[in-house]
Each structure stands twice: as C-alpha cells, then as structure tokens.
Amino acid sequence: MASISYLLDDWVVYPEKSLLEKDGEVTHLEPKVMEVLVYLLENSNRVVSREELNEKVWQSRYTSDDVITRAISVLRKKLNDQGKVHQYIKTIPKHGYLLDYTPSRNEQAFHTLDEPADDYVTLNIKKWVLAAVGIILILAIVGWYLLLGHGVNAEPVKLRIDNFTASDNLDESNLVAKSLTQQLITTLGNSEHVQVSLNNQFIDAESVHFDYFVGGAVRRINDDFQVSMHFANAKEGKVIWSQTFAGNVEDWHLLVNSVANTLDYFIEVVDRDGLDLDSMSIESMQTALLIHQARQLRMVSNQQNFLLSIQLLENGVRTYPNSEQLLVELGIAYYRGAVFFDNPEYYAKMQGLWAHKKQRDVASEKAFIQALYRYANGDIDLKQMIEISEQSANAMQSQPEYHSFIASFYMKNEQYQIAQTHLQQALKLAPGFSVATFYTAKLQSIMGHNQSAIDTLTTYLNFNGEDYSARYLLAWLLVATGKFSEAINFLNQSVIRDENKELRVLLAQSYFYLDMPIMATQHYQRMLAQSDPLTSAQMECQLAIAKGVAHSRGDACNLKNSPNSAIIYGRYQMLEGNYDAALAIYQPYFNGQQPDTSTIRLSDWVDYTWLVFITGKVKAAKALAQQLLEQTSEQHILGYDGKGISDVILWSVMGDEEAAITAFDNAIDAGWLHINKWQYGGAHPALTAIEPKKSFQQQVSYVEELLSRQKRQIHAKKSNSP
C-alpha cells in the first residue's frame, strides 16, 4: 500500500507506523507524539503556538502545558536533539515552537504487518538482573506515565509477536486484530525494556532461539469485542500467562490500548520481581496483574474507582484464597477506605483478614495490616505503629500506600524529614499517586512551604480534577493562608454536591472572612436542611453567631449533647460575656487533659485558657498559657497545623502586651488576614486587651484594605462572568 513518509535530515519518518528510521535503526513514537511531529513537519519554518497544537493535534481548548512540553521533550530525545542549541525543534519564548528545517515528503510502497508474508515481528526485551537494593515498580498512572529505572542485562531475550487473528472471520474483528498487533509493537517499542526489530521474513524459532511468543484472537460477541491473549514458552508451547479482555464495539480502540498496556505491565512485573517465566504459574502472574489493576484504580481518590478496586481484590481473594499478597493488598485498600472515605465498616473487614491468627504467626506484610487495624482501634500507640511499620519495610518496600501511610505516622510524630523520605519513595514508585500527593502537600504546609503545597495540589488537580480529598485540602489551604478570593473562585468553579458539605463550609467561611456575611449566610442556610439533626443544630447556632444575632437566638445555641456541641455552646456563652457559665461548660472536657497529648484543637485550648484567665484564675491561666506557648513556638502561623494568632492571646494572658503586639505584627507580616473569625462573629474578644494600641489599629487597617482588594476581585470576577 502507498504510505506517506518524510525525510528529516538522516531520519525517515513513517507516520502511519508511528516510527522513525535512521541508519537501519528503528525508533517508535507514541501516536500523539508522532502527530505533533507531523504537524511541525507540515508547518516547518514557521512558529507553531501551543494553542495551535492544542487545537490541531489534541482538538482541545485546553491541554496541560505539561503534556505539550513532554511531547516536545520526547521528540527531541528520539531525534537526538538534546544539546544546548536544538538542531530541529527550537523553542521561541512566549510564542511556541519552530521546526527549523525543510523536510521532503514522499509516497512509497510500505509493507504492513497484515500482509501474507508478515507472520510476526521480533522484539528484544532486556532480561532482568537482580539488583542488590530495592526494585522500582513501574505503574501506569491515570493521566501520565513516568519510567524511573530498570535492570541492566547483557543477553536480550527474544519475544515473538504473532499476528492476532479474527476467530469469527468477521471483517470488523479482523480490523481490531490487525490494530492490536500494531499497537503492541508501538507500545512495547516505546518501553525502555524493549528494542523493536522489524523483520518481515519467516524465521524458524529454533534457529534464532525465540524464548517466548505472544498471540491471540479477536471475536465479536453481541455488542462487545473479546480478545483472548496468551504468553507462552516458544520451544515447549507451554502457556505461562493468559487473559481475556472485553470491550464495547464502539470503544474498540480503548480495548486495544488496554491489551497492549497490560502486556507491557506483564513484562514490567517480570522485570520488577525477578520472576522466572519458565517456572512461574498462571496463578502467580494473575495475582500480580490483579494487584496492579487494583492499584491503578486507587491512584486517584475517586470513590467509584476505589470501590471497583475493592471488588476486584475481593474477587481475587475468593479465586486465590491462599494468596498472601492479595490479602495484604486488600487490607491496605480497606484501611484507606476507612481513613479517606470515613467508612468504619472497612475496619471490621480488616479484622476479618487476620482474626484467626496471632500477630507472631503472620508474615511481616500481614503484621503491618494488623497494626493498622490495632492502631485505629486504639490497641497500640503511635510509637508502636511506627515500630511495626519499620519491621515490615523490606516486605513492603514496593507498596506506595505503605510509604504514604508510614509517612503520615511520622508526620504525627513530628519526624518530618523521615516522612518526606517515605513520600518521595511513594512518588517514585507511583508518580502522581493521590495519597502520597495529599500527604506531600500537607507536609509542605506543616514545614511552612504553603505556596509549594498549593502548587503541588493545583498541578495534581489539573490531571485529576475529581479527587475530592485533594480539592478539599487545596481549598482548605487557600482559606488557611488568607487567599479567600482564590478559594471562592476555585470552589465556585467546582461542582459542590449536597454530600460535599465540607467544601460548602469552606466557601461560607471564605465569604465571612471577607466580611460578606450575606453570602456566607446563604451557604450556611443551604446546608441546614441537608444535615442530620445534631449537625443542623450546631450549624444553626454557628449561623446565629456569624450573623451577630446569637443574643436573640440563645435557644439555637443551647447544645450540650456532644463535645463539639458543648464547645459551640460554651463559645456562645463566652461571646455573650457569660464567662463563668462558659468556663463551666468547657471544664469537663479539659479537666485531666494535657495540650501536648489531647486531641482537642489548639484554638479551643486557647479559648479555654483565656476563660480561665478572665474568670480570675490568673495563676492557673498563666501556667497553661506558658505551656501552650512552648508547645507552639516552632509552629508556623499559616497553613496546615498553623497557630494563627494563638500566641497573641496567650501573651495577653501572660500580661505581656508588648509581646502580644509583636506576635500580632509577626502574624500580619506572615499574611494572616483572619480578623473576621467566623467562630466568633468577628474578631476574637481577647483582642480588646491590645485594641487601644496604635500599632494594632494600624495593622487592622492594613488587613481591612487587603480584604477590600480581595472583595473587589470577587466582584470583578462576577461582573465579567457571562
């Protein structure tokens, strides 16, 4: 058949086959990368903007800059154009890219793989050499892929790809079979582990020592195409691994990609684990693939994908009940479901995985799952949880969720550098992994790098916009760092469903911080009808406080049936000036507690301390204030775990107004703009102690001006909206 080809210097470009050829060596390109090259070739010697590539190649109004940058980077690498001065594809700053060459365009006879003489092609796959240290797992990530490392070998293993056939002899099945064969060549040809050699002559397997071959068939069943694929020993014909895939007829190209990616991962599993293909069983291979597919589904915190992952693993355990790997993977998935989706039922399921065995009788991987359950259940403390996690390190080193969870434990223990090391390892194993990204952003904020945390989440959400946990943390950080208008814009662009109450609370708070109580009230009221009676009652009291009508709505705040309700009711009494009554409400929850070990929030400890002080128990209040000041001395003012102006109030309790003013100045310098606290219906009442100070008034005026600017941005955004 006649095919288009281009001559670019010494390179021959074959678009239909997605390959480049130079001096007899063949290099394969991903289809989209080839499309970019062809478009640049067709528009050589003129600047092509990113917007033009979006429209012409991706047919999209918006494609991430990272995607385009990656495509150009891959092309330069494949064309050996990576010097300081690019020979072919030049970057024109702020304008786009220029292919600085005049290529020739030819039409020529180009044999295809489906012609009668083309029975198969050969691939040289790098054989595994066991490394002395950890093995890097290659995962297909939702949105993007990143190869991190592989073994090195001297002796290539030859894999034969037989042409897939149409077992039902239908033309449409034959088209899918041909496309699948070609896609396998392209996909494996782009792997760092595979070197593709096109050979259209029949070669006897014995003479060239083919080690393995892959083949299969396609057929249509009703509205689906079914692909049966097998991977076998070439000399003995023994099937090592087989799998059946199915997909809707209209989405046959997605089916083809899925099959090719699965085979690619099959080879990666062999490479990662140093498996002996000739001795392994179908069960061990199927188990490894099940785990991979389940992990892929959990790469993004999407509840539907997560449930599918659980279902896949539960089915796997029923099929292979003796597989310890599947049980461990299922245990980790259960724990994540309990933590990230707030579903305590998963804890009971975790317990069922090991209830019949004592801890000393289980492998270290399963001991880690036991410890997760026991820690959540309060049977072991944080130190013991970390100790057991470290004992499981060798067995769990290739599990990205393991590294993410142990990082979270080290974060709680304030061992931030160790936490960072584990998160880096998790992201090496699974680039873009949602849990690791979530904890990374949280850690960045705790360490005072709030803008880095916001950038991390923003980049991640460009690829995974439906990840609720990441959306919530980003919105929370925007609010916590005083970027209220940005939080409002971000949340108003998001779809906030009825069950996403946390996002609506952040939206309401943002409006209140900007002194826009009417907008804040609308969102609070919208949540009232959607909440359970207890939450509704708490919200109604908080709404009364926020609107400044709590004094006439005391009935709404008469809440005592839970700790959180009692704190809200106590805060209401504090704002009303009923300090003794407020302290009496707080007292039962703080008696016998210590700030450094309790789960009570810092802001509530500060309120309690101030109440102890304002009710005349000065000595006790100062002792508590001193303890809290020491405990929070290293905490940052803004962001996750930020202390805000806690030290301002605590220094006031200590009777040191100058220190309080200095602390307030430091907070403003750090970007603290939360003068209109929604919890208090305005400024904290303790600030009246330093209110007469001129410097305080100046700082408040400065904050009010910054808030006014953000309000103007909101109004401008609204007026410019269509």
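## Close-up views of a predicted model

**View 1. Leu20 and Thr27, the latter in strand S4, stand opposite each other.** The model shown in this and every following view is predicted. Strand S3 and strand S4, the second of these covering residues 25-28, run antiparallel and are joined by four bridges. Strand S3 (residues 19-22) also pairs with strand S2 (residues 11-14), again in the antiparallel sense, and three bridges are found between these two strands. Across this pairing, Tyr14 has Leu19 of S3 opposite to it. Four residues lie between the strands in the hairpin of S2 and S3, and in this hairpin Ser18 takes a positive phi near 55°.

**View 2. Strands S5, S7 and S6, in that order, form an open sheet with antiparallel pairing.** The edges of the sheet are strand S5 (47-48) and strand S6 (89-92); each has a single partner strand, and therefore one side of each is left without a neighbour in the sheet. Two bridges connect S5 with strand S7 (residues 96-99), and this pairing is antiparallel. A reader who wants to find the pairing in the structure can begin at Val48, whose bridge partner in S7 is Tyr97.

**View 3. Phe409, Phe664 and Trp672 belong to the largest nonpolar core, which has 109 residues, and they are the residues that touch the most other members.** Helix H9, which covers residues 324-340, gives the most to this core, contributing 10 residues. Which residues does Phe664 touch, when those up to four places away in sequence are not counted? The residues touched by Phe664 are Ile645, Val648, Trp672, Ile675, Phe696, Gln699 and Val700. There is also a second, separate core, made of 33 residues, and among its members are Leu184, Ile267, Val270 and Ala288.

**View 4. Phe340 and Tyr439 are an aromatic pair that links distant parts of the chain.** In general, two things describe a pair of aromatic rings, namely the distance of the centres and the angle of the planes. For Phe340 and Tyr439 the ring centres are 6.0 Å apart and the planes stand at 80°; because an angle over 60 degrees counts as edge-to-face, this pair is edge-to-face. Phe340 is in helix H9 and Tyr439 is in helix H16 (residues 434-446), with their positions 99 residues apart in the sequence. Both Phe340 and Tyr439 are buried.

**View 5. Phe590 and Trp605 form an edge-to-face pair, because their ring planes are at 85° and their ring centres are 4.9 Å apart.** Phe590 belongs to helix H24 (residues 579-590), whereas Trp605 belongs to helix H25 (residues 602-614), and the two residues are 15 residues apart. Phe590 is buried, as is Trp605. These two residues, together with Tyr586 and Tyr608, form one aromatic cluster. The count of aromatic pairs in the model comes to 18.

**View 6. The charged end of Arg571 sits over the ring of Tyr680.** The distance from this charged end to the centre of the Tyr680 ring is 5.9 Å.

**View 7. Glu414 and Asn222 are two loop residues, Glu414 between helices H14 and H15, and Asn222 between strands S13 and S14.** Helix H14 covers 400-412 and helix H15 covers 416-429, while strand S13 covers 212-221 and strand S14 covers 224-233. Is Glu414 buried or exposed? Its relative accessible area is 60%, and so Glu414 is exposed. Asn222 likewise counts as exposed, because its relative accessibility is 66%. From C-alpha to C-alpha, Glu414 lies 9.6 Å from Ile446, although these two residues are 32 residues apart in sequence. In the case of Asn222 and Val249, which are 27 residues apart along the chain, the C-alpha atoms are separated by 8.8 Å.

**View 8. The whole protein chain, which has 29 helices and 15 strands, gives the setting for the close-up views.** Of the 722 residues in the protein chain, 50% are buried. The chain exposes about 34100 Å², and 48% of this area is supplied by carbon and sulfur atoms. If one considers the contacts between residues at least 6 apart in sequence, 60% of them join residues at least 24 apart.

Note on methods:
Residues are numbered from 1 along each chain as its sequence is written. This is a predicted model: local features need pLDDT of at least 70, side-chain atom pairs count only at pLDDT 80 or more; totals for chains, interfaces and linings use all residues. Side-chain values use heavy atoms; hydrogens and water are left out. A nonpolar core is a set of buried Ala, Val, Leu, Ile, Met, Phe, Trp, Tyr and Cys residues joined through side-chain atoms within 4.5 Å. Buried means under 20% relative accessible area, exposed over 50%, partly exposed in between (1.4 Å probe, protein chains only). Contact means heavy atoms within 4.5 Å. Accessible areas come from the Shrake-Rupley method with a 1.4 Å probe; for residues, only the protein chains shown count as cover. Rings of Phe, Tyr and Trp (its six-membered ring) pair if their centres lie within 6.5 Å; planes under 30 degrees apart count as stacked, over 60 as edge-to-face and the rest as tilted. A charge sits over a ring if NZ of Lys or CZ of Arg is within 6 Å of the ring centre and within 35 degrees of the ring normal. Two strands pair if DSSP finds at least two bridges between them.
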